Amino acid sequence: MSQKILLTSKEVNIILHRLACQLIEKHLDFSDTILIGIQPRGTFLAERLKDLLEKEYNISKIALGYLDITFFRDDFRRTNKPLEANKTQIDFIVENKKVVFIDDVLYTGRSIRSALTAIQSFGRPSEIELLVLIDRRFSRHLPIQPDYRGRQVDAINDEKVKVCWVEQDGEDAVYLINK
Amino acid sequence: MSELSVNHLLGIKYINKQDIDLIFETADHFKEVINRPIKKVPSLRDITIANIFFENSTRTKLSFELAQKRLSADVISFSAAQSSVKKGETLIDTVNNILSMKVDMVVMRHSNPGAAHFLSQNVKASIVNAGDGAHEHPTQALLDSYSIREKLGDVAGKKVVIVGDILHSRVALSNIYALQMQGAQVKVCGPKTLIPRYIESLGVTVEPNLRKALEWCDVANMLRVQNERMDVNFFPSTREYAQQYGLDKTLLDSLNKEIIIMHPGPINRGVEITSDVADSKQSVILNQVENGVAIRMAVIYLLASKIQ
């Protein structure tokens, strides 16, 4: 198994600032917008972006929720590994709001398909966008594309993209791992 | 998250502490789901479940059905009173006929102890025991422990007294297994005629005096007197039972601490507990019912994930 670094801590930081600015361009003061971190790994990126928007760009009161998609996945009983549920925490109404899904890696698109169904349990958003740090462009199983992307990667199926966060893994970095 | 150590839920006796922890963790997630504006998830959309009740039930049957529907399973339910069982069909034949209609899981209540176990040996489906005679009622014990955990933070180290008709109660036996597995201390309290002989061999103590039992405990689980299972008189009169073993507000308020009151339902108001106790803030009876749906969703979800 070999690994190659795709993004260093400095590059991740630059990309986070760019994504934050792109969000501001579209959502201005975020009064009608809700950020939703997709569990489990999208939550770090979502928290980081919220932090940036509040501290660096002085936007107050950004609504952030976490959505777990386990019970909405389409591979129940189709994998040997048991599906692991995480906490969903959406303490506000999403009806008629602009929702931004935030995840670390967009791969087959199946997680986002599940998230699109799952969010309906909390109301009917006026629109839904997708923000990802890494877009694996040749691996999609479904017609789903991101609205905001950190970096596009041409990885083949044998390769794995691993996103590391300081909070969880001790460093900010993205690796391409050859299995 | 790992998976259950069993393919059927026949009783608490057949599962372990890790299974209980896993069921509780999963139930936490489902409790959040059933409090959403839309309380349904699509996980079990390709699973069909038959609820077969050879004995009367309101709450358990509704709770199971609701849990299954919240998980998007297809559900068929039947009660023995309207079935061919009355025409002399055997249990295995009845169930195998239902399974021919491509059913993946069977939830069964039966008056004979061991009926669920027998079925699990003889048919190809995942079996959930919803009560077998005076033997076990595992989902009730799980939701009782879950309600204690929710109220007191943990079950370990807590003192629980089970009061009333222990002899005819499957809830009592499943509760004793579940509570002890999680590290709680258990006492039983009731008229001598309604306490099974040799119950101490399960590691519980017997306290004939209700006041002493209540002063000792953190949680009191008040069981119903099961008149329908009594072929002889186990106590002189309902009035005398209520005087000796009924919990009223005066007794509850005279204790030197606040205890939690549980009841698996249905309540005979004025017999085992009075209305003011059942409706008091110390009572978690309605929380138990809500938790019942989350626990049953967790059990069904975890068992369904093991169906090949």
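Is the crossing of H5(B) and H11(B) left-handed or right-handed? Right-handed, and the points below work outwards from that pair. Bear in mind throughout that this is a predicted model.

1. **H5 against H11.** Helix H5 of chain B covers residues 138–152, and its axis comes within 9 Å of the axis of H11(B). The two axes cross at roughly 120°. On the H5(B) side, the residues that meet H11(B) are B:Thr139, B:Leu142, B:Leu143, B:Asp144, B:Tyr146, B:Ser147 and B:Glu150. Their partners in H11(B) are B:Asn287, B:Gln288, B:Asn291, B:Gly292, B:Ile295, B:Arg296 and B:Val299. It's a mixed contact by class: five nonpolar, six polar and three charged residues.

2. **H1 against H11.** H11(B), residues 285–304, also has helix H1 (residues 17–33) of chain B as a partner. Here the axes come within 8 Å and cross at roughly 115°, and this crossing is right-handed too. H1(B) brings B:Leu22, B:Ile23, B:Thr26, B:Ala27, B:Phe30 and B:Lys31. H11(B) answers with B:Ala294, B:Ile295, B:Met297, B:Ala298, B:Val299, B:Tyr301 and B:Leu302. The make-up is eleven nonpolar residues, one polar and one charged.

3. **One residue to click on.** Try B:Val299, which sits in helix H11 of chain B. It turns up in the contact with H1(B) and again in the contact with H5(B). Is B:Val299 buried or exposed? B:Val299 has 24 other C-beta atoms within 10 Å, so it counts as buried; the cut-off for that is 20 or more. Setting aside neighbours within four places in sequence, its contacts are B:Leu9, B:Ile23, B:Val128 and B:Thr139. B:Lys124, by comparison, is 175 residues away in sequence and 18 Å away in space, C-alpha to C-alpha.

4. **The two domains of chain B.** The domain assignment gives domain 1 as 12–136 + 289–304 and domain 2 as 138–288. Their centres, taken over C-alpha atoms, are 25 Å apart. Across the boundary, 23 residues of domain 1 of chain B are in contact with 22 residues of domain 2 of chain B. On the domain 1 side, H1, strand S4 (126–132) and H11 each supply at least two residues. H11(B) gives the largest share, with seven. By class, that side has ten nonpolar, six polar and seven charged residues.

5. **Chain B as a whole.** Chain B holds eleven helices and nine strands. Its radius of gyration is 19 Å, which agrees with the value near 19 Å for a compact globule of 308 residues. The C-alpha atoms fill a box of roughly 55 × 45 × 35 Å along the principal axes. Buried residues make up 46% of the chain. Of the contacts in chain B between residues at least 6 apart in sequence, 75% join residues at least 24 apart.

6. **Chain A.** Chain A has four helices and eight strands, and along the sequence they run β-α-β-α-β-β-α-β-β-β-α-β. Its radius of gyration is 16 Å, close to the 16 Å that the globule rule gives for 179 residues, so chain A is as compact as a globular protein of that length. The C-alpha trace spans about 45 × 40 × 30 Å along its principal axes. In this chain 39% of residues count as buried.

7. **Where the chains meet.** How many residues does the contact take from each chain? The answer is 13 from chain A and 15 from chain B. The chain A side divides into six nonpolar, five polar and two charged residues.

8. **Backbone spots to check.** There's a cis peptide bond between A:Gln39 and A:Pro40, with omega about -5°. A:Pro40 is in the loop between strand S2 (33–38) and helix H2 (42–55) of chain A. In chain B, a cis bond joins B:Gly265 and B:Pro266, with omega about -10°. Positive phi values are also worth a look: A:Leu28 is near 50° and B:Lys102 is at about 60°. A:Leu28 counts as exposed, with 11 C-beta neighbours inside 10 Å, and B:Lys102 counts as exposed with 8.

Terms used. Residues are numbered from 1 along each chain as its sequence is written. Chains are lettered from A and ligands numbered from 1 in the order in which they are written. This is a predicted model: local features need pLDDT of at least 70, side-chain atom pairs count only at pLDDT 80 or more; totals for chains, interfaces and linings use all residues. Axes are lines fitted to C-alpha atoms, for helices over the stretch in contact, and angles run from 0 to 180 degrees between N-to-C directions. A crossing is left-handed if the near helix is turned anticlockwise from the far one by less than a right angle, and right-handed if clockwise. Two residues are in contact if their C-beta atoms, placed from the backbone, lie within 7 Å. Ala, Val, Leu, Ile, Met, Phe, Trp, Tyr, Cys and Pro count as nonpolar, Asp, Glu, Lys and Arg as charged, and the others, Gly among them, as polar. A residue is buried if 20 or more other C-beta atoms lie within 10 Å of its own, exposed if 12 or fewer, and partly exposed in between; C-beta atoms are placed from the backbone. The radius of gyration is taken over C-alpha atoms; the globule rule is 2.2 Å times the number of residues to the power 0.38. Domain bounds come from an automatic or database domain assignment.
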